[in-house]
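User: I should like to examine how the terms applied to this model are justified. Please set each value against its criterion.

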Amino acid sequence: MISKLIASVKKEALLLLRDRVGLSILFIMPMVLIFVMTLIQDAAFKTINEKGIPIVFVNNDNDSLGNQIANGLMHNDLCSYNDSINGKLATAELAQKAVADGKFLVGVVIPKGATEAIRKSVTNLVNQTLDNSNLKASTNIAISDSVEITILIDPVAKKSFINSVTSNLHEFISEIKTKIMFQTFSEQIADVIPDKKNAPKSAYSQTQIIKYKEVYASKNEDKIIPNAVQHNVPAWAIFAMFFIAIPLSGSIMKEKNEGSVFRLHTMPSSYLLLVNGKIIVYVLVCMLQFLLMLTVGLYFLPMLGLPKLVLGNSYFAIFLLTMATAFAATGYGVMVGTLASTEHQAAIMGSLSILLLSALGGVWVPSYVMPEVMRNISAFSPLNWALSGFYKLFLRGGNVSHIIYDVLKLMFFFFVTMIIAHFAHTKKRTV
Amino acid sequence: MNSTAIIEIQNLSKTFKGATEPAVNNISFSINKNEIFGLLGPNGAGKTTTISILCGLFPPSSGQVFIDGKSLETQLQSIKQIVGIVPQDIALYPTLTARENLSFFGHMYGLKGKDLKNKIEIWLEKLGLSESANRLVATYSGGMKRRVNLIAGVLHSPKILFLDEPTVGVDVQSRNVIIEHLKEINTEGTTIIYTSHHMEEAENFCTKVCIIDNGKIITQGTPEELISKNESTTNLEHVFLQLTNTKLRD
Ligand SMILES: Nc1ncnc2c1ncn2[C@@H]1O[C@H](COP(=O)(O)OP(=O)(O)O)[C@@H](O)[C@H]1O
Ligand SMILES: [Mg+2]
């Protein structure tokens, strides 16, 4: 039994080694893709990074909030700060026109009395809190946040760019808002309650926790925006792994067409054994591919002046996720090879479906910049499971516990493809 | 059941999915141990279909088959162990060498190690392929491929050997080598079932023949019996043409 499996692994490895076209699809294509895509995207990021994003700032508030935001933008390397348009002090109307004309990429308008409004709402909160002797209940009262800050965006700006800029802006503004709120809050409390060691402190910290969640929780996903290398290396590595479906399904089709299948099906060895031989070889190849892509990200991209790939903390988690991805990709290839009737059909079916799944999965354009609807569809692509898993590891320094769900989903996908392949195979054999 | 019969076929029929006419239509015959049995017929007669059923590639629509006393339906796995197959289409990996192909198929038949290596070398030598056995099969001539295809079916010394047109499309030299070694295998105890539409070859090679057309048996017996049945026929080809008429087949 073992010797049969070894023999079929050996056969499969030899077949693949001699398939020059297949090998170049598996190893050269993804490397080229990583280089090209990363260079293109990095160049786009750089032009913005060098001069900074042209921002026009309209400060109608002229109080803490407006001033602090202005100060923050001024000292941010990513922004090129302006508060005047053609020599005139910017107003909301002028700013809107200037952004629409493309003079600035982003405009920020802080309304009049914004700081005052925040202070007022905090004062109200404090009064309510103090009216109510039960301090714990006070945490249920939300800080009303009626200040409306307008962010203007150049309509021709790239969606991906806008998303990252606006989410950063939102976050930054919220941060300052919160700061002012708590400043006011603690001042008020200090005024009213002389003994600071008492209960109000706990109310303060509880309120802070709640507020903090309100500000950041919903943006948690968007907060992490990979650079070109962190995105492209795992994305194209996963793409390449799934592209294995083409040589793999081709090899299955060839076996059918070259008549070997007659002998294979009349031999005293199960067909499953042969399929297992294939799976072992192709899973190993997938993992090899991934290793190669990581090498590119770690050593070759930095040579071109690109950022170095950061791997995160858990090599074991990377290994586990890579293996699960490899199984999912291999299962997909077996399924395509079984469903197709000709080699040609398998190639077309394989490449088109993988292009589609990769586009949906966020390989070409990261799914966090996709519109909501697409992001929901994206969640059905196994490439997306793999990619979001690698984001967790590479960008957030996650470990096995963070990706175990993605690993399970990928393995489940593998089993589903094998079951489909089994039924398709049985059906096709009944003549 | 005949006591010396190693293969017993009863009322075998096969109608392919979507086909209106059966490819094999209610045929019955038995094959004795150590026989060289020729299943003869024009193209499309149903020879490959019959062989495929006997090898367990797909089940018949109806009828029963017993091979070495075992039912094909219920004991296929143990039948597979004692059967060798040389398919009509070359069943080899073109991008593997002859040795690699034979090693793989040998393993699949449960051979391994030194024993397998020796058997491969002996057969390559016998069929004049030792020199070229490290070349990719894709670079082989038709005759060479046929010979490797044959070896892949006999490496494990099967009790019963099915050959589907083993000499089709090969030169006289290859043909003679193949036939000669099949005879040798037969004298060592292997029962051979062979299909062909080459009547002269069958007449010399087979101990018994069965002529089928349109999935039906037309006649069966020893070549001598069939030839002497009718005064006007002097060889098997005459018999064949008389029985299957001269209409073109596809
Ligand atoms: N897989 C198949 N599906 C449908 N029809 C088939 C299939 N294989 C063979 N046939 C048909 O069955 C008949 C017998 O074919 P076959 O057994 O290959 O003939 P032979 O080997 O004697 O030339 C032919 O009419 C052929 O077209
Ligand atoms: Mg045939």
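User: What makes B:Thr48 and B:Gln88 protein donors of the magnesium ion (ligand 2)?

Analyst: The model is a predicted one. A donor must be an N, O or S atom within 2.8 Å of the metal. The atoms concerned are OG1 of B:Thr48 and OE1 of B:Gln88, which lie 1.9 to 2.4 Å from the ion, so both satisfy the cut-off. B:Thr48 belongs to helix α1 of chain B, while B:Gln88 is in the loop between β6 and α3 of chain B, 40 residues apart.

User: Why is B:Thr48 called partly exposed?

Analyst: Buried requires under 20% relative accessible area and exposed requires over 50%. B:Thr48 has a relative accessible area of 28%, so the term partly exposed applies. B:Gln88, at 28% relative accessibility, is also classed as partly exposed.

User: How do you know that A:Arg18 forms a salt bridge with B:Glu100?

Analyst: The criterion is a side-chain nitrogen of Lys or Arg within 4 Å of a carboxyl oxygen of Asp or Glu. The closest N and O atoms of A:Arg18 and B:Glu100 are 2.7 Å apart, so the pair qualifies. Across the interface of chain B and chain A, 1 salt bridge is found. Of the elements on the side of chain B that touches chain A, α3(B) gives the largest share, 5 residues.

User: Why can A:Lys278 and A:Glu12 be said to tie together parts distant in sequence?

Analyst: Their closest N and O atoms are 3.2 Å apart, which makes the pair a salt bridge. A:Lys278 lies in helix α13 of chain A and A:Glu12 in helix α1 of chain A, so the bridge joins parts that are 266 residues apart in sequence. Both A:Lys278 and A:Glu12 are buried.

User: What separates B:Lys119 from B:Asp115 along helix α4 of chain B?

Analyst: The two residues are 4 residues apart, which means about one helical turn. An α-helix has 3.6 residues a turn, so residues three or four places apart point the same way. The closest N and O atoms of B:Lys119 and B:Asp115 are 3.5 Å apart, and the pair forms a salt bridge.

User: What makes the span of helix α10 of chain A close to the expected one?

Analyst: Helix α10 of chain A has 15 residues and reaches 21 Å from its first C-alpha to its last, against the 21 Å expected at 1.5 Å a residue. Of its 15 residues, 15 are buried, so α10(A) is largely enclosed by the rest of the structure.

Definitions and conventions. Residues are numbered from 1 along each chain as its sequence is written. Chains are lettered from A and ligands numbered from 1 in the order in which they are written. This is a predicted model: local features need pLDDT of at least 70, side-chain atom pairs count only at pLDDT 80 or more; totals for chains, interfaces and linings use all residues. Side-chain values use heavy atoms; hydrogens and water are left out. Donors are N, O and S atoms within 2.8 Å of the metal (3.2 Å for Na, K and Ca); water is not among the atoms, so sites may look incomplete. Buried means under 20% relative accessible area, exposed over 50%, partly exposed in between (1.4 Å probe, protein chains only). The expected span of a helix is 1.5 Å times one less than its number of residues.
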